[in-house]
Amino acid sequence: MSDFRAHLRADPRGLIPASLYLANHNLANHKKNAFMSRGFLLAFVLLLSGCLPKEPLVQIPSAENIRQLSDGRIFITGKDALYQLQQDEQGFRTVPVARDTRCSYFAGLAELNQWLFFVCAQSSGLRLGDLKFDQAGVLKAYSLEDGRLIDVMALSGFQFPNGLDALPEQNAILIADEDFFVAQGGVSKAVFDFSAGEPVLSDYVQHWIGPQQQVYAANGVRVWEGDIYLTDIGFFKRVPLQVDGTPGAAQILYRNLTVLDDFDRYCDGFLITDFVKGRLVYVPVDGSAVRVSPPGLSSPSAILAQPGSGFQAGSVLVTESRGVQAGQGNQLVMVDLAALGVETCSEAP
C-alpha cells in the first residue's frame, strides 16, 4: 500500500483514478531501469542539470498528435485544424489542410488505404451514469490523393476519443477512449469497406479492448508485428492478437505514477511521451533496459521518432500541448535522443 499512498500524494487532484491504479498495480511487475549505453555519460550530465534540450520549430495551438505517412508527409493535429508540416529554405511552417467549426479540437492520426483518419472532438451530451458523451465527436477521413474530407462515423459512448492506428489486415481503425473518470475506457474497432472509393463503415465493436483485457483508459495505440501496444494512464502495455484475430490479456511493459500519452516505434522498442512529468521514456519491446530523459518538455503529447529527410539522425519531433509544466507548450519541438542515452537507430520505421 505504500505505492498507493505515494500515488495519492503525487496526484492529489485524482488525475489517475484510484481504482485504475489499484487494478493495474495488482498486475504489475517492477522493471528496473538500466543505463548501459555509450550515451550514459551525456544522459547523466543532463539529469544533473535537470533540463532536456529542445529546439522549437513551429507554433501549433494545443498540438496533439503527429504522424509521418508512407509517402513521407508529416501531419499534426491541433486545436483548430489538421496541419501538414512543410520545410523550405525559410524553415518550418504548418499548412492547415482540414478544418471544421464543429470540432473543439482534433486528435489521433492513422493512415489506411490512401486515407488519413483523425478525430474531430465535440464532447456534448454527458451522461451522468457512466460519464460518457452521447456526441463525443466524429471520426473524419482526409483523402491523401485528392484532399477530400468526409465524416465516416459518429463517436458515441466515448469519454475522450484520442489515439488512432490502423489494423490493415482487418481494414480497421482502432480508436482509443481515455476514460479518466470511471476507468471504463479502452480501444474500439471500426471496420471499413473501401470498394465505393471512400471508407464506408461496415462493422464496429465498442471497446473491443477494455477492462476484460485489463485496459481501462487507453490513450496512444499502435499496431506492430501482430501485437497492439498502448498507453493506459501511467502504464505502457502490450495486447497480443490471438490466432483468430481477437485481443488477448494485456501485459505491462512499463509503469510510473504519471500520465503517458502517445508514442512511436523506435529500433527495438518505443519512445513514449510523459505528459505530466514533461519527459520522454524509451521502452524496449521486452520491457527491459528502460531509459528516461530529464524533464524539460511542456505537456508532451506525441512523438515522431524518425522524421527522415531534412533531420539529423537521432533527432525526434515532439508535440507540446498546453504547457502544464513550463507554461509554454502549443508548439512542435525537436529533441536529440542523446538525452536518453539511446543510440541512433538506422532501421526504417
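## A tour from a strand pair to a disulfide

Begin by selecting Asp274 together with Arg279, where Arg279, in strand 20, is the bridge partner of Asp274. Keep in mind as you look around that this is a predicted model.

Now widen the selection to strand 19 (269-274) and strand 20 (residues 279-284), which run antiparallel and are joined by 6 bridges. As background, the strands of a sheet pair through backbone hydrogen bonds, in either a parallel or an antiparallel way. If you add the neighbouring strands to your view, you will have an open sheet of 4 strands, whose order is 18-19-20-21 and whose pairing is antiparallel. Which strands form the edges of this sheet? They are strand 18 and strand 21 (291-292), each of which pairs on one side only.

Next, select Cys267, which you will find in the loop between strand 18 (260-266) and strand 19 (269-274). Its backbone deserves a careful look, since the phi angle of Cys267 is near 55°, a positive value in a residue other than glycine. Is Cys267 buried or exposed? Its relative accessible area is 18%, and because buried means under 20%, Cys267 counts as buried.

From there, go to Gln214, which lies in the loop between strand 13 (200-209) and strand 14 (218-224). Gln214 also has a positive phi in a residue other than glycine, here near 65°. With a relative accessible area of 22%, however, Gln214 is partly exposed, because that class lies between the 20% limit for buried and the 50% limit for exposed.

For the last stop, select Cys103 and Cys120 and display their side chains, so that you can see the disulfide that joins them, with a distance from S to S of 2.0 Å. The count for this model comes to 1 disulfide. Where do its two ends sit? Cys103 lies in the loop between strand 5 (91-98) and strand 6 (105-112), while Cys120 belongs to strand 7 (residues 115-126), and so the pair ties together parts that are 17 residues apart in sequence.

If your viewer reports torsions, look at the one about the S-S bond of Cys103 and Cys120, which is about -105°, and the disulfide is therefore left-handed. To finish, consider how each cysteine of the pair relates to the surface: Cys103 has a relative accessibility of 11% and counts as buried, and Cys120, at 0% relative accessibility, counts as buried too.

Methods: Residues are numbered from 1 along each chain as its sequence is written. This is a predicted model: local features need pLDDT of at least 70, side-chain atom pairs count only at pLDDT 80 or more; totals for chains, interfaces and linings use all residues. Side-chain values use heavy atoms; hydrogens and water are left out. A disulfide is a pair of cysteine sulfur atoms within 2.5 Å. Buried means under 20% relative accessible area, exposed over 50%, partly exposed in between (1.4 Å probe, protein chains only). Two strands pair if DSSP finds at least two bridges between them.
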